[in-house]
Amino acid sequence: MILNTELEYKGNLFPSNITKYSKDVDVLHFSTSNNVILKLTVLRDSVLRFTYTTVGKFERDFSYAIDEDASRGYNHLEITDDEEKYVVTTSKLICHIHKSDLRISLYDAADNKIICEDELGFHWEESYELGGDIVKMSKAAQNGESYYGLGDKPEHLNLKGRRFENWATDSYAFGKHTDPIYKAIPFYTGLHNGKSYGIFFDNTFRTYFDFCSERRNVTSFWAQGGEMNYYFIYGPKMQDVVKNYTDLTGTPELPPLWALGYHQCKWSYYPESNVKEITAKFRELQIPCDAIYLDIDYMEGFRCFTWSKDYFPDPKRMVKELADDGFKTVVIIDPGIKIDNEYSVFREGLEKDYFCKRADGPYMKGKVWPGECYFPDFTRPEVREWWAGLFKELIEDIGVKGVWNDMNEPAVMDVPGKTFPPDVRHDYDGNPCSHNKAHNIYGMQMARATYHGLKRYNYPKRPFVITRSAYSGTQRYTSTWMGDNVATWEHLQIANIQAQRLALSGFSFAGSDIGGFAEQPNGELYARWIQLGVFHPFCRTHSSGDHGEQEPWAFDTEITDVVRKFIEIRYQLLPYLYTAFYQYSQDNVPMLKSLVLFDQDDVQTHYRIDEFIFGNQILVCPINEPNAKGRRMYIPRGEWFNYWNKEQVSGGKEMWVDADLDSMPIFVKAGAIIPKYPIQQYVGEKVIEELGLDVYYKNGKEDSELYEDADDGYDYTKGRYSLKKFNLAGSEDKLIIRIHKRGQYVTTYNTFKVNLYGLPFEVKSIKVDNEYVDLADVKFENNSLVISKEFTNLQIKG
Ligand code: MIG
């Protein structure tokens, strides 16, 4: 039962006039004569929640998406009314609620201009087949409005003119227009007249979003059940919209630093000797790598939490030997539990009644890799607890460091719809429901349980989890990848779009299968994909293994050299990337920024898709085509330096940038101070004795940050971290850097190698902490110097 049209449908019902209003601190109720109630909750000055019921009573308020630590509180709240409307005013927003029909209009409190207004507004259709309502909302599209968000959709970054469906779906070899796809992230931002707002439709049923596709001037969203329940988030800066949405749905804690290294995967590396050959080759060829993955063949007949005795006779020893060589072992765990009375996980799940059941009582039986399986109901707290406990041996005893959750849409083979039938029952944390409601959060709850297991048994080290399916909020527990892509040039571009889109949907810790999962990349495509992949928060090569090899050395030596060169750049940039992760986890700052997020006031950015900002200050643009010697790209406004030749360019224009196969367009923002570690073959290989600081001159000011801690563990939560804030100020003949330090972590290094780029003057004198230093003492040469102590002030003069 899929609705192809939501607006013209004749069965639509609408709220009538408001007959009652009441207020309880920050919760306002508006009731209509036909039994509709709108509950408006003021969460923050710029965040309002709208919930509607058509039956005069709300469901129990429960959400898997909302983070219990989300910020709340506002500075100002005033409610007035006149003949036509109620007016709710906060310090950021003015909200009109029309008395005749409950329609909403939202204005910017600063200038009274419209941000977003209901077209038909809330309406619904009774669903005899499913029970309850199909709840709908339509908004008038504003002049020149653009739309972004919705998680992992492979479409053009700007969603305008398109319609989407959110229903987590196993989408092998998906394409640009595949929809629905693996994840369901019902959040988008609108941007018009320089202002941005967001809408998070927290409804886990199958949802639809239509961005001016059905009707040119209307944006609408609807769900096949549940309540109309959405959060309106005002910017006007898009970055603040994304940050507020991320605050609402949560961020992960810091991952172990190794998880930001390079990962190698294939379906599958086995037996043990093959795993060892691969890891040895990395070390032999000196290509940095931190993690090696075991796909489903490591198990005994695909039974989760078992090991194949033939292929992996002594996993504990193997995992230890890999660890001694710097490799963290990550293993796959699927949701399907093989029906097999000899298998303890199955027996226990059965005895304790932990598996999902059909409406009339039989177990939900489905075929996946192990054959016929039952599936834990991860929406039950006891089941999640049990699942977490199952990781004890794998993590605590064997020493596995990360777990990869696949097939958790949930995917089922050989059945229509490729998933559970709709009548399957779920506990939904004490709100029993059918699969229609639980489908989109099933994978999230599995990943959540997995995360808790890892956290418990890996303690005091930090856990690492990766999931395929997700709903809003899943980023609190796990990283993610985009699923089964294809080794084509178009897919390289799709990977770029998906990573950017996920970042602006609150889910930064994401990456694609580098090189493509299905089919075989040639060396050039693989190299170009690595170049992009090293600038994604999660960086892993993976392939289906049913074609040729897909390791960095699988092509010719020229390719191997390019791959090594770029992975080395990632390892040098680890402190920069880790700092971006810190800002994400602390302050909700997306780790990748699409150009529109970086500079929404420049309309040129609204349709750009290839260029993006890695962290806050590095601009990258992948090469998407074969045989390229470079490409045209847009440089956003401001001053930039070419990473390779340090030439300065002024942005706000398109230009050609050279990029032979061993290069790609990378620019650094003027004024940035980029921290660098020496190249290591894996995180922790070396004790860091010297920190590189690449300083890019700016005539003006720019701030940079560097966050560090013990790379793993939880001491940072007790203040044992080091946060350096760099304030750079440059003028025609001077450059001053001030450093403010916070936190009690003592870094392992006390030598700083400072590289000055783009100075418009010749250096005549240097002061460190206000004392002149002899240029020879700081080994001053080619605008580089070495400072052998912690310093707080550096002055370079011409
Ligand atoms: O039906 O575990 O997306 O990464 O290698 C295929 C085997 C199941 C799909 C995942 C892919 C993984 C594969 N899995």
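The following dialogue explains how terms are applied to this predicted model.

Author: In this predicted model, local features need pLDDT of at least 70 and side-chain atom pairs count only at pLDDT 80 or more, while totals for chains, interfaces and linings use all residues. Residues are numbered from 1 along each chain as its sequence is written, and side-chain values use heavy atoms, with hydrogens and water left out.

Reader: What makes a residue count as near the ligand, and which residues come nearest?

Author: A residue is near a molecule if one of its heavy atoms lies within 4 Å of it. There are 13 residues around the ligand, of which Asp 295, Asp 406, Arg 468, Asp 484 and His 542 come nearest.

Reader: How do you know that the side chain of Asp 295 makes a polar contact with the ligand?

Author: A polar contact is a pair of N or O atoms within 3.5 Å; within protein, one must also be able to donate a hydrogen and the other to accept it, and residues adjacent in sequence count only if both atoms are side-chain atoms. An N or O atom in the side chain of Asp 295 is 2.5 Å from an oxygen atom of the ligand, so the pair meets the limit of 3.5 Å. For Arg 468, the distance from a side-chain N or O atom to a ligand oxygen is 2.8 Å. For His 542, a polar side-chain atom also lies 2.8 Å from an oxygen atom of the ligand. The ligand taken alone exposes 350 Å², and the protein buries 95% of that; such accessible areas come from the Shrake-Rupley method with a 1.4 Å probe, and for residues only the protein chains shown count as cover.

Reader: What makes a residue of the shell nonpolar, polar or charged?

Author: Ala, Val, Leu, Ile, Met, Phe, Trp, Tyr, Cys and Pro count as nonpolar, Asp, Glu, Lys and Arg as charged, and the others, Gly among them, as polar. By this rule the shell around the ligand holds 8 nonpolar, 1 polar and 4 charged residues.

Reader: How do you know that β38 and β41 pair?

Author: Strands are DSSP runs of E with at least two residues, and helices are runs of H or I with at least four, numbered from the N terminus. Two strands pair if DSSP finds at least two bridges between them. Strands β38 (residues 639-642) and β41 (residues 666-669) are joined by 3 bridges and run antiparallel, so they pair. Trp 640 stands opposite Lys 669 in β41.

Reader: Why are β34 and β39 said to stand at the edges?

Author: The open sheet has 6 strands in the order β34-β35-β36-β41-β38-β39, with antiparallel pairing. Because β34 (592-594) and β39 (648-650) each have a single partner strand, one side of each is left without a neighbour in the sheet.

Reader: What makes the bond between Trp 267 and Ser 268 notable, and where is Ser 268?

Author: Most peptide bonds are trans. The bond that joins Trp 267 and Ser 268 is cis, with omega about -10°, and Ser 268 lies in the loop between β19 (262-264) and α2 (272-285). Another cis peptide bond joins Glu 409 and Pro 410, with omega about -5°. Pro 410 is in the loop between β25 (402-405) and β26 (425-426).

Reader: What is the phi of Asn 193, and where is this residue found?

Author: Asn 193 has a positive phi of about 50°, although it is not a glycine. Asn 193 is in the loop between β14 (187-192) and β15 (195-201).
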